[in-house]
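Good morning, and thank you for making time for this item. I would ask you to bring up the sequence and the model on your screens before we go on.

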Amino acid sequence: MTTTTSAPPAARTAGAAGSAGSVRRRRRLPFSPWHLLLVPLALTFAVPLGWLLLSSVMSDAEINRFPPALWPAGIDLGGYRYVLGNAMFPRWFANSLIVSAVTVTANLLFGSLAGYAFARMRFAGSRLLLGLMLATMAVPFQLTMIPTFLVMKKLGLIDTLGALIVPSLVTPFAVFLLRQFFLSLPRELEEAAWIDGCSRLRVLFRIVLPLSRPALSTVAVLTFLTTWNDLTWPLIAINHDTQYTLQLGLTTFQGQHHTKWSAVMAGNVLTVLPVLLAFLGAQKTFIQSITSSGLKG
């Protein structure tokens, strides 16, 4: 014979009051409580970007005024006209675009081949080679820039866009991230393709890569951001202003025209805009790739 005990009336009353209180709290906050912290933090990070945008449409008098103007009296596009018309800004923009596009494409191709080899193929010394490759990520660029410069000089690429492209054709990070993502994919799909007579390369390009779009998007975005924002290596490898990238040209432009702040701000807006669009366009796939590639070692 079993007996059931019911909760005391006071406990039932307290439970009902607690559930009613939680319902009222959910009604009062139609969003996560974390937003109370994240929204002010996001606004704090957005303030410099907003000030940059507003300053780019101000006149030089408004920018140099003290105390500074917080809002432009009118939209003045003189800085944009000066940058696009009187400087070599379009040439620098094209150079950065060429270098970034070739680097991203090469990292996607070579990173996919190497990552798939490390993920699915077992050969002598594969683990040792993978460890050595990952160890190079801990070596700072300051230790390798002189040997890299000497190699580029021997190849005759100094003061050309090739000097900016060749050292970044494939990066250890791209290989590692794609390898981690490939490990999370089921082998059964590849085995079925092998039974149908597909080669490894065909399996990679027809089966694996279409399923790896989040990881490929992440590699593309991070490689683009790194290449687009790079200043140190172009400063060493490029001498002539016709081969400047956007970051290097903008630094020189700012030094030459330090009093024309509207043009400097306009140039910075045009520099930040492609980076911002690239990140916003791949935000969802970026998060999905990071969470997927971090599950399996």
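I shall go through pockets, a cavity, a salt bridge, a surface patch and a few single residues.

A word of caution comes first: what you see is a predicted model.

Let me begin with the pockets. About 1100 Å³ of space lies in the largest pocket. It is lined by 32 residues, and those closest to the centre of the pocket are Phe141, Pro167, Ser168, Thr171 and Pro172. Which elements give two or more residues to this lining? They are helix 5, helix 7 (141–154), helix 9 (172–183), helix 12 (213–228) and helix 13 (232–237). Helix 12 gives the most, with six residues. If we sort the lining of the largest pocket by class, we find 19 nonpolar residues, 12 polar ones and one charged residue.

The second largest pocket holds about 220 Å³ of space. Ala42, Phe45, Ala46 and Leu49 line this pocket. By class, the lining of the second largest pocket has four nonpolar residues, with no polar and no charged ones.

I turn now to enclosed space. The structure holds one cavity of 30 Å³ or more. The volume of the largest cavity is about 60 Å³. Which residues line the largest cavity? They are Phe118, Arg122, Ser126, Arg127, Leu130 and Arg179. Helix 6, residues 126–135, provides the largest share of that lining, three residues. As for class, the lining of the largest cavity divides into two nonpolar residues, one polar residue and three charged residues.

The next topic is the salt bridge. The structure holds one. Arg120 pairs with Glu190 in this salt bridge, and the closest N and O atoms are 2.8 Å apart. What does this pair tie together? Arg120 lies in helix 5 and Glu190 in helix 10, residues 187–195, so the pair ties together parts that are 70 residues apart in sequence. Are the two partners buried or exposed? Arg120 is buried, and Glu190 is buried as well.

Let us move to the surface. Leu109, Phe110, Leu113, Val170, Leu201 and Phe205 form a nonpolar patch there, and together they have about 510 Å² of accessible area. Two elements, helix 5 (89–120) and helix 11 (200–211), each supply at least two residues of the patch. The largest share, three residues, comes from helix 5. Leu201, one of the patch residues, has its place in helix 11. The relative accessible area of Leu201 is 52%, and the cut-off for exposed is over 50%, so Leu201 counts as exposed.

I would like to add some single positions, beginning with helix 5. Thr103 has its place in that helix. Its relative accessibility is 1%, and buried means under 20%, so Thr103 counts as buried. Thr103 and Ala220 are 117 residues apart in sequence, and their C-alpha atoms are 9.1 Å apart in space.

In helix 12 we find Val219. Is Val219 buried or exposed? Val219 is buried, with a relative accessible area of 1%. How far apart are the C-alpha atoms of Val219 and Ala174? They are separated by 5.9 Å, while the two residues are 45 residues apart along the chain.

Helix 7 contains Val151. This valine has a relative accessible area of 45%; that value lies between the cut-offs of 20% and 50%, so Val151 is partly exposed. From C-alpha to C-alpha, Val151 and Ala163 are 9.5 Å apart in space, and they are 12 residues apart in sequence.

The last position is Asp159, found in the loop between helix 7 and helix 8 (162–165). The phi angle of Asp159 is near 70°, a positive value in a residue other than glycine. Asp159 counts as partly exposed, at 24% relative accessibility.

To close, let me return to helix 5. This helix is among the elements that give two or more residues to the lining of the largest pocket. Helix 5 also provides the largest share of the nonpolar patch, and Arg120 of the salt bridge lies in this helix. Thank you; I am glad to take comments.

Methods:
Residues are numbered from 1 along each chain as its sequence is written. This is a predicted model: local features need pLDDT of at least 70, side-chain atom pairs count only at pLDDT 80 or more; totals for chains, interfaces and linings use all residues. Side-chain values use heavy atoms; hydrogens and water are left out. Patches are made of residues with over 30% relative accessible area and no salt bridge: like charges are joined within 9 Å, nonpolar side chains (Val, Leu, Ile, Met, Phe, Trp, Tyr) within 5 Å. Accessible areas come from the Shrake-Rupley method with a 1.4 Å probe; for residues, only the protein chains shown count as cover. A salt bridge is a side-chain nitrogen of Lys or Arg within 4 Å of a carboxyl oxygen of Asp or Glu. Helices (H or I, at least four residues) and strands (E, at least two) are DSSP runs, numbered from the N terminus. Buried means under 20% relative accessible area, exposed over 50%, partly exposed in between (1.4 Å probe, protein chains only). On a 1 Å grid over the protein atoms alone, a cavity is a set of points where a 1.4 Å probe fits but cannot get out, and a pocket is an open set with protein on both sides within 12 Å along at least five of seven lines; lining residues have an atom within 4 Å of a point. Grid points are joined across faces, edges and corners, and a volume is the space filled by probe spheres set on the points. Ala, Val, Leu, Ile, Met, Phe, Trp, Tyr, Cys and Pro count as nonpolar, Asp, Glu, Lys and Arg as charged, and the others, Gly among them, as polar.
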